Amino acid sequence: MGKEALVLIDYTYDFVADDGRLTAGKPAQAIDGAIASRVESILSKGGLVFVTNDLHFEGDTSHPETALFPPHNIKSTFGRSVFGETGETLKAHRSLKDTQIFYMDKLRYSAFNGTPLNSLLRQHGIDTVELAGVCTDICVLHTAVDAYNLGFHGVVRESCVATFVPGGQDWALNHFKTSLGFDVIKK
Ligand code: ZN
């Protein structure tokens with residue numbers, strides 16, 4: 001079996017904290033412990049963690065999200081830092097940065113869009129990606145679709161994804177399973 005790889009999507013202060021600028025709130029906060037323990041477990045086994053965070057620029061009116069959402073994840077702001085226990089776990093393993101932990105900025109919903117994620121996964125011989133973070137039916141979904149189209153198998157744990165959209169969690173989990181062929185793990 002190849003190395004495990006976790007793609008952590010938008011688990012930032014702006015998307016998770018009560019006072020984040022585009023927060024998914026309590027459901028997002030509730031998955032912190034589960035994500036932190038996946039990060040710990042994967043790193044301890046020599047696996048890889050890709051921390052992919054949305055990047056926006058102050059005052060940018062050209063981005064398509066400008067019309068859809070309030071400003072969030074602005075470059076060089078605290079809002080882009082990884083939230084909570086998950087953030088602390090990554091910090092505790094900062095010596096693994098660029099060998100097992102890779103940080104990348106993404107400019108659209110998908111973690112594959114404009115990032116080196118696909119190249120790094122292939123370089124490390126990885127064919128299965130586990131997705132975690134927020135929002136299940138937005139950025140996790142778009143990442144899942146790209147993973148599928150690029151030929152990766154996917155795994156999603158229900159305990160490690162969340163959304164603020166009513167009905168979005170169940171819809172997206174079902175889509176991962178029935179349309180993308182992912183393993184959806186009920187824990
Ligand atoms: Zn965004």
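1. The largest nonpolar core of this predicted model holds 55 residues, and the members that touch the most others are Phe50, Leu121, Leu131 and Phe176. Such a grouping is in keeping with a general tendency: in soluble globular proteins, nonpolar side chains tend to be buried together.

2. Leu131, one of those four core residues, gives a view of how separate parts of the chain meet. When neighbours within four places in sequence are left aside, Leu131 is in contact with Val7, Ile9, Val140, Thr143, Ala144, Val155, Val156, Val161 and Phe182.

3. Phe176, another of the four, belongs to helix α7 (residues 168-178), where the buried residues are Gly168, Ala172, Leu173 and Phe176. Viewed down the axis of α7, these buried residues fall within an arc of 120 degrees, so they line one face of the helix. An α-helix has 3.6 residues a turn, so residues three or four places apart point the same way. The buried residues of α7 pack against α6 (139-149), β5 (153-162) and β6 (183-185), while Asp170, Lys177 and Thr178 are exposed on the other side of the helix.

4. A reader new to the structure may next turn to the zinc ion, whose protein donors are Asp54 (OD), His56 (NE2), Glu65 (OE) and His72 (NE2), at 2.0 to 2.1 Å from the ion. Along the sequence these donor residues follow the spacing D-x1-H-x8-E-x6-H. The arrangement is irregular because the four donor atoms subtend angles of 92 to 160 degrees around the zinc ion, whereas a tetrahedral assignment would require all angles to lie between 85 and 135 degrees.

5. Among the zinc donors, Asp54 and His56 are both buried, and His72, with a relative accessibility of 3%, counts as buried too. His72 sits in the loop between β2 (48-54) and α4 (84-92), and its side chain is joined to that of His56 by a polar contact of 3.1 Å. Beyond its neighbours within four places in sequence, His72 is in contact with Asp14, Phe15, Arg21, Leu22, Asp54, His56 and Glu65, a list that includes the other zinc donors.

6. A further loop residue deserves a remark, namely Thr115, which is found between β3 (101-106) and α5 (117-123). With a relative accessibility of 13%, Thr115 counts as buried, because the cut-off for that class is under 20%. The side chain of Thr115 reaches the backbone oxygen of Ala111 at 2.5 Å, and, residues up to four places away in sequence not being counted, Thr115 touches Met104, Asp105 and Lys106.

Note on methods. Residues are numbered from 1 along each chain as its sequence is written. This is a predicted model: local features need pLDDT of at least 70, side-chain atom pairs count only at pLDDT 80 or more; totals for chains, interfaces and linings use all residues. Side-chain values use heavy atoms; hydrogens and water are left out. Buried means under 20% relative accessible area, exposed over 50%, partly exposed in between (1.4 Å probe, protein chains only). Helices (H or I, at least four residues) and strands (E, at least two) are DSSP runs, numbered from the N terminus. The arc is that of the directions from the helix axis to the C-beta atoms. Contact means heavy atoms within 4.5 Å. Donors are N, O and S atoms within 2.8 Å of the metal (3.2 Å for Na, K and Ca); water is not among the atoms, so sites may look incomplete. Four donors count as tetrahedral if all angles lie between 85 and 135 degrees; four count as square planar and six as octahedral if opposite donors are over 155 degrees apart and all others between 65 and 115; anything else is irregular. A nonpolar core is a set of buried Ala, Val, Leu, Ile, Met, Phe, Trp, Tyr and Cys residues joined through side-chain atoms within 4.5 Å. A polar contact is a pair of N or O atoms within 3.5 Å; within protein, one must be able to donate a hydrogen and the other to accept it, and residues adjacent in sequence count only if both atoms are side-chain atoms.
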